[in-house]
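Subject: Handover of a structure for your review

Dear colleague,

Please find below the sequence and structure that I am handing over to you. My findings follow directly after it.

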Amino acid sequence: MIFPFTEADAMRILSERLKPERLRHSVCVAECAQLLAGRYGYDEKIAKMTGLLHDICKNDNLDFQLQTIKNGGIMLTSIEKKSPPLYHAIAGAAYLKTVLQVEDADVLNAVRYHTTGRAGMSALEKIIFVADLASADRNYPDVETVRKLSGQSLEQAMLYVLEFLICDLIHRKKYLHPDSIAAYNELRSEMDADCYGGALCQR
Ligand SMILES: [Fe+2]
Ligand SMILES: [Fe+2]
């Protein structure tokens, strides 16, 4: 069993840990993840539960997030230490594993990498990454484009979002996580290979 608790249990745990607005976001991400799973042939129940739980540590203070990460035996890289907005994703994976006894590596990775992305993402990782940005509660200027792309291709939606996120981090003079760059490069080269039918590589 991937989740040793029910969806109702998850809702109860989340309602104790999250502020109402964050809980609403989590429910919207769960719904979006379920929808994307249906569209792309992934297990809807696992996607929905992972979406529900992806921000489980978001409202913990930073010290608590760091302690949760430590309890999970995870060492932060120097870039991660300098990027507090990433803590909650890493802490979320650690919390699911150490406190809620979720052992499934794919679920833990989907939570851990939902903010940065990474190269070689699984279907579930992509679904959660995209659902987090295409969910019904999101209202940033380009959200409709992301929603439209997410209906065509998870990879196209991810690439579009990563372009924005990377540029935005640079404009705000923040650090870039190497995993985000690796995800961008991988998706960009897949897109190029699609466009040229791989012809450039064969020359
Ligand atoms: Fe998050
Ligand atoms: Fe989120």
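How far is the sulfur of Cys 57 from the closest cysteine sulfur, and why is there no bond between them? The closest cysteine sulfur belongs to Cys 28 and lies 20 Å from that of Cys 57, which is too far for a bond. Please note that this is a predicted model, and that the values in this message are computed from it.

Cysteines

The search for disulfides covered the whole structure and returned zero. Cys 57 is buried, its relative accessible area being 0%. Cys 167, by contrast, has a relative accessibility of 43% and therefore counts as partly exposed.

Overall fold

The protein chain contains 12 helices and zero strands. Its radius of gyration is 17 Å, close to the 17 Å that the globule rule gives for 203 residues, so the chain is as compact as a globular protein of that length. The C-alpha trace spans about 55 × 40 × 35 Å along its principal axes. Of the 203 residues, 44% are buried. Among contacts with a separation of 6 or more, 64% are between residues 24 or more positions apart.

Nonpolar core

The largest nonpolar core comprises 56 residues, and Ile 56 and Leu 96 have the most contacts inside it. Helix α8, residues 123-134, gives the most to this core, contributing eight residues. Leaving aside residues up to four places away in sequence, Leu 96 touches Leu 53, Ile 56, Gln 101, Val 102, Val 107, Leu 108 and Val 111. The two residues with the most contacts inside the core, Ile 56 and Leu 96, thus also touch each other.

Iron sites

Two iron ions deserve your attention. The iron ion (ligand 1) is coordinated by Asp 55 through OD and by His 88 and His 114 through NE2, at 2.1 to 2.2 Å. Along the sequence, these donor residues are spaced D-x32-H-x25-H. Asp 55 and His 114 link distant parts of the chain, 59 residues apart: Asp 55 is in the loop between α3 (44-53) and α4 (62-71), and His 114 is in the loop between α7 (105-112) and α8. Asp 55 counts as buried, at 2% relative accessibility, and so does His 114, at 3%.

The iron ion (ligand 2) has as its protein donors His 25 (NE2), His 54 (NE2), Asp 55 (OD) and Asp 132 (OD), which lie 2.2 to 2.3 Å from it. Because the four donor atoms subtend angles of 83 to 173 degrees, the arrangement around the iron ion (ligand 2) is irregular. The spacing of its donors along the chain is H-x28-H-D-x76-D. His 25 lies in helix α2 (residues 20-40) and Asp 132 in helix α8, so this pair ties together parts that are 107 residues apart in sequence. Both residues count as buried: His 25 has a relative accessibility of 3%, and Asp 132 one of 8%.

The two sites are joined through Asp 55, which bridges the iron ion (ligand 1) and the iron ion (ligand 2). These two ions lie 3.4 Å apart. Helix α8 thus appears in two settings, giving the most residues to the largest nonpolar core and holding Asp 132, a donor of the iron ion (ligand 2).

With kind regards

Note on methods
Residues are numbered from 1 along each chain as its sequence is written. Chains are lettered from A and ligands numbered from 1 in the order in which they are written. This is a predicted model: local features need pLDDT of at least 70, side-chain atom pairs count only at pLDDT 80 or more; totals for chains, interfaces and linings use all residues. Side-chain values use heavy atoms; hydrogens and water are left out. A nonpolar core is a set of buried Ala, Val, Leu, Ile, Met, Phe, Trp, Tyr and Cys residues joined through side-chain atoms within 4.5 Å. Buried means under 20% relative accessible area, exposed over 50%, partly exposed in between (1.4 Å probe, protein chains only). Helices (H or I, at least four residues) and strands (E, at least two) are DSSP runs, numbered from the N terminus. Contact means heavy atoms within 4.5 Å. A disulfide is a pair of cysteine sulfur atoms within 2.5 Å. Donors are N, O and S atoms within 2.8 Å of the metal (3.2 Å for Na, K and Ca); water is not among the atoms, so sites may look incomplete. Four donors count as tetrahedral if all angles lie between 85 and 135 degrees; four count as square planar and six as octahedral if opposite donors are over 155 degrees apart and all others between 65 and 115; anything else is irregular. The radius of gyration is taken over C-alpha atoms; the globule rule is 2.2 Å times the number of residues to the power 0.38.
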